[in-house]
Amino acid sequence: MANITTSADILDFAQDFLGEPTDGTSDYDAETIVFLNEIYQQILDDEKMFIPSAKKDPPGSLFLEPYITTGTVAVTQDSKTATFSTTPSAAKDTNVTGWWLKIDDEPEVYYISSISTATATLNEFYVGTTNSTANYKLFKLDYTLATDLKDLVSPMVVFSAQSGHGTEAQVEGLGEDVFRRNFPLKIIEEGIPTHFMRIGEQKIRFNKYVTSRELVLYPYIIEATDLADNSTEPLLPRTERRVLAWGVTMLLAGLMNDNVVAMATDMYSRGLEKMRRKYDRNLMVQSAYYGKIITRPDKFVPRGPLRTESGLIISG
């Protein structure tokens, strides 16, 4: 087969090479699809490679919400209820659930678990002084990312006249421990964010809240869906899809006890090593943070100093 473009082409390549019918009548049809996805995910998850075609194009975008100070808020010591004199109105969000509340002259910051009209429920009991007309700030730090996101690629880019760098500034990703140590909530401040951390599968937290609505673009790696026997094209460059085909052939040959398993393994291993050299993650890094994968919090291992403002395995 000269051209291998779709997932169906890859399945046909493997089955044809091993003398199996490619019309859906092979006894190994189900296993071949399983092997296809096993090798596909193995290549995409290879820590030695950064495959540009797996990045989302265009990148994801966020609109940062400006903080709110309208009216006053009534708070009572040892209560989780905060009642605003005016229902808080966000620029984009439907309400301020998931925002943070900071009472003027009080050190603590409280997460808004829910709000109904002007009455909010705090995540924790209010420990400050009871005040029926307290001045406050409501601000948003946590933002939800695209549903097809697998990994973030640092840095993000924020476009703002406030950035101090013309109209564009970078927002660098940190692991959770490092972020919390350098940017505790008690000293949170307004301004253009300079750092972020992941706080869940599809959520991040910035180290600052903004005074006006700002645009952030974030590059990310797509969470690839499983392939099937159809015209879907894998998230690999077309020139590299033959490597995927050889990987499927290798596993299928092993299942069939075919004597070409060694040859298929060699073809896959050599193709994978060639891909690793071509898409070497280290060679694609253009700065200290460019191309850095910001993993989920439970997988992050801090490396080096930071400077802030204030199952088949192919061995390589």
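Trainee: What makes helix 1 a mostly covered helix?

Mentor: In this predicted model, helix 1 spans residues 7-17, and 9 of its 11 residues are buried, a word kept for residues under 20% relative accessible area. The buried ones are Ser7, Ala8, Asp9, Ile10, Leu11, Asp12, Phe13, Ala14 and Gln15.

Trainee: Which helices do the buried residues of helix 1 pack against?

Mentor: They pack against helix 2, residues 29-44, and helix 4, residues 241-256. Just after helix 1 comes Gly19, with a positive phi of about 75 degrees.

Trainee: Why is helix 2 called roughly parallel to helix 5?

Mentor: Helix 2 and helix 5, the latter covering residues 261-278, pack at an angle of about 30 degrees, and their axes are 12 Å apart. Angles under 35 degrees count as roughly parallel, and therefore helix 2 is described as roughly parallel to helix 5. The crossing of these two helices is right-handed, and the contact is made by Ile39, Gln42 and Ile43 of helix 2 together with Tyr268, Leu272 and Met275 of helix 5. Sorted by class, the contact of helix 2 with helix 5 holds 5 nonpolar residues, 1 polar residue and no charged ones.

Trainee: Why, then, are helix 4 and helix 5 called roughly antiparallel?

Mentor: The axes of helix 4 and helix 5 cross at roughly 150 degrees and come within 8 Å. Since angles over 145 degrees count as roughly antiparallel, helix 4 and helix 5 are therefore given that description. Helix 4 passes helix 5 in a left-handed crossing, and the residues of the contact include Trp246, Met250 and Ala253 of helix 4 and Ala264, Tyr268 and Leu272 of helix 5. The residues of this contact divide into 11 nonpolar, 5 polar and no charged.

Trainee: Turning to the sheet, why are strand 1 and strand 9 said to stand at the edges?

Mentor: The open sheet is formed by 7 strands in the order 1-17-11-12-14-15-9, with mixed pairing. Strand 1, residues 60-64, and strand 9, residues 142-144, each have a single partner strand, so one side of each is left without a neighbour in the sheet. From one strand to the next, the twist averages 30 degrees.

Trainee: How do you know that strand 11 and strand 17 pair?

Mentor: Two strands pair if at least two bridges are found between them, and 3 bridges join strand 11, residues 156-159, to strand 17, residues 214-218, so the condition is met. Strand 11 and strand 17 run antiparallel, and Val158 stands opposite Val216 in strand 17.

Notes: Residues numbered from 1 in each chain as written. Predicted model: local features only at pLDDT ≥ 70, side-chain atom pairs only at ≥ 80, totals over all residues. Heavy atoms only, no water. Buried < 20%, exposed > 50% of the residue type's maximum accessible area, 1.4 Å probe, protein only. Helix = DSSP H or I, 4+ residues; strand = E, 2+ residues; numbered from the N terminus. Contact = heavy atoms within 4.5 Å. Axes fitted to C-alpha atoms, helices over the stretch in contact; angles between N-to-C directions. Parallel < 35°, antiparallel > 145°, perpendicular 65-115°, else oblique. Left-handed = near helix turned anticlockwise from the far one by under 90°. Nonpolar A, V, L, I, M, F, W, Y, C, P; charged D, E, K, R; others polar.
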